[in-house]
Amino acid sequence: IGLLRTAAQFDDFELKLEFFADPDANGGVFIRTSPNPVSPVKDCYEVNIAPGSHPFPTGSIVGWQKASVAVNEALNNSDWNQMVIRANGPRIQVEINGQTVTDFVHRGAFLQKGFIGLQHHNGRLRYRDISIKPLNLEPMFDGSSLQGWSDANRLECRVLVSPPDTLRLIGGRGQLESSRQYGNFIFSNIVRTQVEGVNSGVFFRCMPGELMNGYESQIDNRILDGDHRRPLDSGTGGIFRRQPARWVNATDGKWFAKT
């Protein structure tokens, strides 16, 4: 029995993963969990994985709601299965291989934030291709203009909206700055460096109006000797001059998501 959990906590999100479970396996995905949960009806929600006979079959929220009979049709007991969990306020939805098997709304006080955990109870159970997307984010870019942004420090850099829904910074050094200020936040964007060796970044908690004065989440896909564990100049995902990336997972010329 064991629980592998995230280092960060999450509230509203969409979690995608794949799992492979032997017929006698039992485990689950814990969401909004405490560091050391003691009960799935008190300090976490457990989305069960139990292909065999179980009071709460795969896709159920243990102690709260059983998955529909549709799970028997959706579940593949001899191959990998995709699970999607959407937690949005008091509502938790679970999909197995594209089919919704649980749609649960917690009436009354509900768990709002916590860690995500992968639990193993017995049997052989494997997880892979795990990704998470925060929900209920507000757009900062309207897709057609620089409304809400200042390019006063663009220097030699040109800022274009081209093609639609895409911000392009080209031609040299400079920055684009949001008009609003933010304290605690989740910032998510999709990025592509156009040529090899580009050094750029997302600055946050900056001094308003000042040039590149704040924390910088680096965008620099260069690595040493072909080793993704050896970023050059902090590496994409590192915090410049403070914490280098432990793994550079982006490639010049290809779109990648950054949160």
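The largest nonpolar core holds 27 residues, and F19, V29, I31, M83, I85, I92 and I96 touch the most other members. A nonpolar core here is a set of buried Ala, Val, Leu, Ile, Met, Phe, Trp, Tyr and Cys residues joined through side-chain atoms within 4.5 Å. Buried means under 20% relative accessible area, exposed means over 50%, and partly exposed lies in between (1.4 Å probe, protein chains only). The elements that give this core two or more residues are β2 (13-21), β3 (26-33), β4 (45-49), α1 (70-74), β5 (81-88), β6 (91-96), β7 (99-105) and β8 (115-122). Helices (H or I, at least four residues) and strands (E, at least two) are DSSP runs, numbered from the N terminus. Strand β2 gives the largest share, 5 residues. In soluble globular proteins, nonpolar side chains tend to be buried together.

This is a predicted model: local features need pLDDT of at least 70, side-chain atom pairs count only at pLDDT 80 or more, and totals for chains, interfaces and linings use all residues. Residues are numbered from 1 along each chain as its sequence is written, and side-chain values use heavy atoms, with hydrogens and water left out.

Take I96 next. Leaving out residues up to four places away in sequence, I96 touches F19, T58, V71, A74, L75, Q82, M83 and V101. Contact means heavy atoms within 4.5 Å. Another core, of 5 residues, lies apart from the largest one. Its members include V191, I219, A250 and F256.

Now the charges. The whole structure has 12 salt bridges, each a side-chain nitrogen of Lys or Arg within 4 Å of a carboxyl oxygen of Asp or Glu. R32 pairs with D12, their closest N and O atoms being 2.9 Å apart. R32 lies in strand β3 and D12 in the loop between β1 (2-5) and β2, so this salt bridge ties together parts 20 residues apart in sequence. Both R32 and D12 are buried.

R128 and E18 also form a salt bridge, at 2.7 Å from N to O. R128 is in strand β9 (residues 125-134) and E18 in strand β2, so the pair links distant parts of the chain, 110 residues apart. R128 is partly exposed at 35% relative accessible area. E18 counts as buried at 18%.

A third salt bridge joins R91 and D103, at 2.6 Å from N to O. R91 sits in strand β6 and D103 in strand β7, so the pair ties together parts 12 residues apart in sequence. R91 is partly exposed at 36% relative accessibility, and D103 is partly exposed at 34%. Salt bridges also link E14, R86, E95 and K133 in a network.

Finally, the rings. There are 5 aromatic pairs in the whole structure. Rings of Phe, Tyr and Trp (its six-membered ring) pair if their centres lie within 6.5 Å; planes under 30 degrees apart count as stacked, over 60 as edge-to-face and the rest as tilted. F20 and W80 form an edge-to-face pair, 5.7 Å centre to centre with 70° between the planes. F20 is in strand β2 and W80 in the loop between α1 and β5, 60 residues apart. F20 is buried at 13% relative accessibility, whereas W80 is partly exposed at 22%. F20 has a charged partner too: the charged end of R126 sits over its ring, 4.6 Å from the centre. Such a charge has NZ of Lys or CZ of Arg within 6 Å of the ring centre and within 35 degrees of the ring normal.
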